[in-house]
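This report covers charge pairs, packing and surface features of one protein chain. The sequence and structure come before the discussion.

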Amino acid sequence: MDNRVPPRAAGPGPRRRDRHGRGMRGPIAPPQVPLAASRGEVFADLVQDSVDRLERRWPQLAEVDFLVLEVPRLGGPGDAWADEAVPLGGIIPAREGRRARVVVYRRPVEIRTKGREDRATLVHEVVVEQVAELLGLTPETVDPRYGED
């Protein structure tokens, strides 16, 4: 009688569970539910919601790119914000075939807020302020509800 175990056909593959049958079986939540979204994706959705609100009133914003970056960059070596606070957003004017850009910095905004509602309010205020600077208007002109709770 032959007691040898036949060799595996494809070699060792990735282990999905430990030897006791425990371990990760699959994603905790399906991709369509909010639990599956990362903090970055949720933040980008807040920015997009704010942009959608403003585009109804200002159709020229369709020609502006809105970006979310983790943190602001310093301009060069030795360049600092000095006594200023870390910026929450910024603009990059249009030039040489490039569209104008409005940038919102995720980490500084998240640090200054406690919950989702506070974060949504601050994101909208930052977007309104940057759009106002880009268009050369006051924030109250861009969004009449600016500054209200």
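The sections below treat the salt bridges, the nonpolar core, a charged patch and a contact involving the segment after the last numbered helix discussed here, α4.

## Model

The structure is a predicted model. Local features are described where pLDDT is at least 70, and side-chain atom pairs count only at pLDDT 80 or more.

## Salt bridges around helix α2

The count of salt bridges comes to 5. E70, R106, R107 and E110 are linked in a network of such bridges.

In one of these pairs, the side chains of R106 and E70 meet with an N to O distance of 2.6 Å. R106 is in helix α2 (residues 106-111), while E70 is in the loop between β1 (64-69) and β2 (89-92), so this salt bridge ties together parts that are 36 residues apart in sequence. The two partners differ in exposure: R106 is buried, at 8% relative accessible area, whereas E70 is partly exposed, at 42%.

R106 also forms a salt bridge with E110, at 2.9 Å from N to O. Both residues lie in helix α2, 4 residues apart, which is about one turn of the helix. E110 is itself buried because its relative accessible area is 10%, under the 20% limit. A further bridge joins E110 to R107, with the closest N and O atoms 3.0 Å apart. R107 and E110 are 3 residues apart in helix α2, again about one helical turn. R107 is partly exposed, with 28% relative accessibility.

## Nonpolar core

The largest nonpolar core has 21 residues, of which V47, L54, V104, V109, V123, V127 and V142 touch the most other members. Helix α1, strand β3 (100-105) and helix α3 (116-135) each supply at least two residues of this core. The most come from α3, which gives 7 residues. In soluble globular proteins, nonpolar side chains tend to be buried together.

## Negative patch

On the surface, E41, D45, D49 and D52 gather in a patch of negative charge. One of them, D45, is placed in helix α1 (residues 39-57). D45 is partly exposed because its relative accessible area is 46%, which lies between the limits of 20% and 50%.

## Segment after α4

G147 is located in the segment that follows α4 (139-142). Its relative accessibility of 56% makes G147 exposed. G147 and E125 are 22 residues apart in sequence, and their C-alpha atoms are 7.5 Å apart in space.

Technical notes. Residues numbered from 1 in each chain as written. Heavy atoms only, no water. Patch = residues over 30% accessible without salt bridge, like charges linked within 9 Å, V, L, I, M, F, W, Y side chains within 5 Å. Areas by Shrake-Rupley, 256 points an atom, 1.4 Å probe, with all protein chains shown as cover. Salt bridge = Lys/Arg side-chain N within 4 Å of Asp/Glu carboxyl O. Lys, Arg positive; Asp, Glu negative; His and termini not counted. Charge placed at Lys NZ, Arg CZ, Asp CG, Glu CD. Buried < 20%, exposed > 50% of the residue type's maximum accessible area, 1.4 Å probe, protein only. Core = buried A, V, L, I, M, F, W, Y, C linked by side-chain atoms within 4.5 Å.
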